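Dear colleague,

I am passing on the structure below, together with an account of what turned up in it. Please look it over before reading on.

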Amino acid sequence: MTARQAARATGGATGSRDTTTAAAANYQLLIDYYAAYGDGGAEGLARMASFYAENKPSYTAGNSELSGETNSPEESLKVMRRLQELSGGNITFAAPPTILLAGDAVVALVVNERHARPGRPELVVPRLYVYEISDGKISRSFGWQLESEAFDQYYPRA
């Protein structure tokens, strides 16, 4: 079989079908990940954690109490629990995530999070996330608040 025949048999470049299948699976993984949050709370966080690879690090940009690096799923959950504590559990999604890119190893999306801290006006902040995916699990994540100053002021460092 020539390279041209192999390319036709796989629907394009050699290996492209595997890449397309992985991209579709990764797209669905992130849809399911955000759906797992559901109504939030400890149950939602536990469901989200089931999508993490062992030793998953993460990075959240900014200068808020929630910014910085984590080095494990447990540390990520600790930050998410702190976010729920600070917000009184009042975090919802203003709309479903918008997936910008779903590839065979990376998914990038924007989600508009609605935060309602007790005694403060509601804040809707767009957040950009990039997730690395390996073996069907989220293996690393990066997050940026697109209105970082507003988010930092809403959750100032203690």
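Arg 114 is partly exposed, with a relative accessible area of 30%, and in this predicted model its side chain meets that of Glu 122 in a salt bridge, with 3.3 Å from N to O. A search of the whole structure finds 5 salt bridges, and another of them brings together the side chains of Arg 140 and Glu 132, at 3.4 Å from N to O. Both partners of that pair are partly exposed, Arg 140 with a relative accessible area of 36% and Glu 132 with one of 27%. Elsewhere, salt bridges that share partners join Glu 65, Arg 82 and Glu 85 into one network.

Within that network, Arg 82 forms a salt bridge with Glu 85, and the closest N and O atoms are 2.2 Å apart. Both residues belong to helix α4, which spans residues 73-87, and they lie 3 residues apart, about one turn of the helix. An α-helix has 3.6 residues a turn, so residues three or four places apart point the same way. Side chains of opposite charge can pair when their charged atoms come close. The two partners fall into separate classes of exposure: Arg 82 is partly exposed, at a relative accessible area of 27%, whereas Glu 85 is exposed, at 57%.

Helix α4 also holds Gln 84, which is buried because its relative accessible area of 13% is under the 20% limit. The side chain of Gln 84 makes a polar contact with the side chain of Tyr 37, at 3.2 Å. Leaving aside residues up to four places away in sequence, Gln 84 touches Tyr 37, Gly 40, Gly 41, Ala 42, Leu 45 and Gly 89.

Two of the residues that Gln 84 touches, Ala 42 and Leu 45, lead on to helix α3, which covers residues 41-49. Which residues of helix α3 are buried? They are Gly 44, Leu 45, Met 48 and Ala 49. These four lie on the same side of α3, because they cover an arc of only 140 degrees around the axis. The face of α3 turned away from this buried side carries the exposed residues Ala 42 and Glu 43.

Turning to the chain as a whole, there are 5 helices and 7 strands, and read along the sequence they follow the pattern α-α-α-β-β-α-β-β-β-β-β-α. Of the 158 residues of the chain, 39% count as buried. The chain exposes about 8,700 Å², and carbon and sulfur atoms supply 53% of that area. Among contacts in the chain with a separation of 6 or more, 49% are accounted for by residues 24 or more positions apart.

Last comes the confidence of the prediction. The chain averages a pLDDT of 87, and 89% of the residues score at least 70. Over residues 1-15, however, the pLDDT is below 50, and this stretch has 11 contacts in the model beyond near neighbours in sequence.

With kind regards

How values were computed
Residues are numbered from 1 along each chain as its sequence is written. This is a predicted model: local features need pLDDT of at least 70, side-chain atom pairs count only at pLDDT 80 or more; totals for chains, interfaces and linings use all residues. Side-chain values use heavy atoms; hydrogens and water are left out. Buried means under 20% relative accessible area, exposed over 50%, partly exposed in between (1.4 Å probe, protein chains only). Helices (H or I, at least four residues) and strands (E, at least two) are DSSP runs, numbered from the N terminus. The arc is that of the directions from the helix axis to the C-beta atoms. Contact means heavy atoms within 4.5 Å. Accessible areas come from the Shrake-Rupley method with a 1.4 Å probe; for residues, only the protein chains shown count as cover. A salt bridge is a side-chain nitrogen of Lys or Arg within 4 Å of a carboxyl oxygen of Asp or Glu. pLDDT is the predictor's confidence in each residue, from 0 to 100. A polar contact is a pair of N or O atoms within 3.5 Å; within protein, one must be able to donate a hydrogen and the other to accept it, and residues adjacent in sequence count only if both atoms are side-chain atoms.
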